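Subject: The structure to look through

Hi,

Here is the structure I said I would pass on. Have a look at it first, and then read my notes below.

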Amino acid sequence: QVQLVESGGGLVQAGGSLRLSCAASGRTFSSAAMGWFRQAPGKEREFVATINRNGDSTYYADFVKGRFTLSRDNAENTVILQMNSLKLEDTAVYYCAQRAGYYSGNFLYTRPNDYDVWGQGTQVTVSS
């Protein structure tokens, strides 16, 4: 049974930084693509970033390009989302997701339906 646990959220001023971590249990991590999504109140869940199983390829939503960096450590079963230059509109619950039950290949995935295991989410609040 794969489980994902996010941490690192919190309250930060605009322009500041946060580092989100996602720790995964189970034996599928190194063969699975990983993704981050976010959901603000009253809005649909939206794609933020994804990383392939090897960790050598990433893809970002346009609104985070140049500000967020996604990385993974397959030895530690962890993905890290480093968020810099945070904006008010980055306020949301951030979710980590794993493509655990499907073949990932070495590809990237941007849709929520591409992932079958989700964490509980961590709140990120950016204040002015």
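Read from start to end, this protein goes β-β-β-β-β-β-β-β-β-β-β. That makes eleven strands and zero helices. Its radius of gyration is 14 Å, close to the 14 Å that the globule rule gives for 128 residues, so the protein is as compact as a globular protein of that length. Please keep in mind that you are looking at a predicted model.

A few overall numbers before the details. The C-alpha trace spans about 40 × 25 × 25 Å along its principal axes. Of the 128 residues, 45% count as buried. If you take the contacts with a separation of 6 or more, 60% of them come from residues 24 or more positions apart. The protein exposes about 6500 Å², and carbon and sulfur atoms supply 46% of that.

**The disulfide**

I searched the whole structure for disulfides, and there is one. The partners are Cys22 and Cys96, with 2.1 Å from S to S. This bond ties together distant parts of the chain: Cys22 sits in strand β3 (residues 18-24) and Cys96 in strand β9 (residues 92-98), 74 residues apart. The link is left-handed, with -80 degrees about the S-S bond.

Are the two cysteines buried or exposed? Cys22 has a relative accessible area of 0%, so it counts as buried. Cys96 also comes out at 0%, and so it is buried too.

**The salt bridges**

Side chains of opposite charge can pair when their charged atoms come close. How many salt bridges does the structure hold? The count is five, and here are some that I went through.

Arg38 is a good place to start. Its side chain meets that of Glu46 in a salt bridge, 2.7 Å from N to O. Arg38 has 5% relative accessibility and therefore counts as buried, whereas Glu46 is partly exposed, with a relative accessible area of 31%.

Arg38 also forms a salt bridge with Asp90, where the closest N and O atoms are 2.9 Å apart. Here again distant parts of the chain are linked: Arg38 belongs to strand β4 (residues 34-39), Asp90 lies in the loop between β8 (78-83) and β9, and 52 residues separate them. Why does Asp90 count as buried? Because its relative accessibility is 0%, and buried means under 20%.

Then there is the salt bridge of Arg111 with Asp114, with the closest N and O atoms 2.8 Å apart. Arg111 is exposed, at 54% relative accessibility, while Asp114 is buried, with a relative accessible area of 7%. Shared partners also matter for the picture: salt bridges join Arg38, Glu46, Arg67 and Asp90 into one network.

**Two more residues to click on**

Go back to strand β9 and you will find Gln98 there. Its relative accessibility is 0%, so this residue counts as buried. What does the side chain of Gln98 make a polar contact with? The partner is the side chain of Thr28, at 2.7 Å. Leaving out residues up to four places away in sequence, Gln98 touches a long list of others, including Val2, Leu4, Ala24, Phe29, Met34, Tyr115 and Val117.

The other one is Ile51, in strand β5 (residues 46-51). Ile51 is buried as well, with a relative accessible area of 1%. With the same neighbours in sequence left out, the residues it touches include Ala33, Met34, Thr58, Leu70, Arg72, Val79 and Leu108. Met34 is thus a name you will meet twice, since Gln98 touches it and Ile51 does too.

To get your bearings between Ile51 and the Arg111 from the salt bridge section, try this pair: the two are 60 residues apart in sequence and 13 Å apart in space, C-alpha to C-alpha.

If you want somewhere to begin, I would open the view on Cys22 and Cys96, the pair joined by the disulfide. From there you could go on to Arg38, which pairs with Glu46 and with Asp90. Gln98 and its contact with Thr28 would make a nice last stop.

Cheers

Methods
Residues are numbered from 1 along each chain as its sequence is written. This is a predicted model: local features need pLDDT of at least 70, side-chain atom pairs count only at pLDDT 80 or more; totals for chains, interfaces and linings use all residues. Side-chain values use heavy atoms; hydrogens and water are left out. A disulfide is a pair of cysteine sulfur atoms within 2.5 Å. Helices (H or I, at least four residues) and strands (E, at least two) are DSSP runs, numbered from the N terminus. Buried means under 20% relative accessible area, exposed over 50%, partly exposed in between (1.4 Å probe, protein chains only). A salt bridge is a side-chain nitrogen of Lys or Arg within 4 Å of a carboxyl oxygen of Asp or Glu. A polar contact is a pair of N or O atoms within 3.5 Å; within protein, one must be able to donate a hydrogen and the other to accept it, and residues adjacent in sequence count only if both atoms are side-chain atoms. Contact means heavy atoms within 4.5 Å. The radius of gyration is taken over C-alpha atoms; the globule rule is 2.2 Å times the number of residues to the power 0.38. Accessible areas come from the Shrake-Rupley method with a 1.4 Å probe; for residues, only the protein chains shown count as cover.
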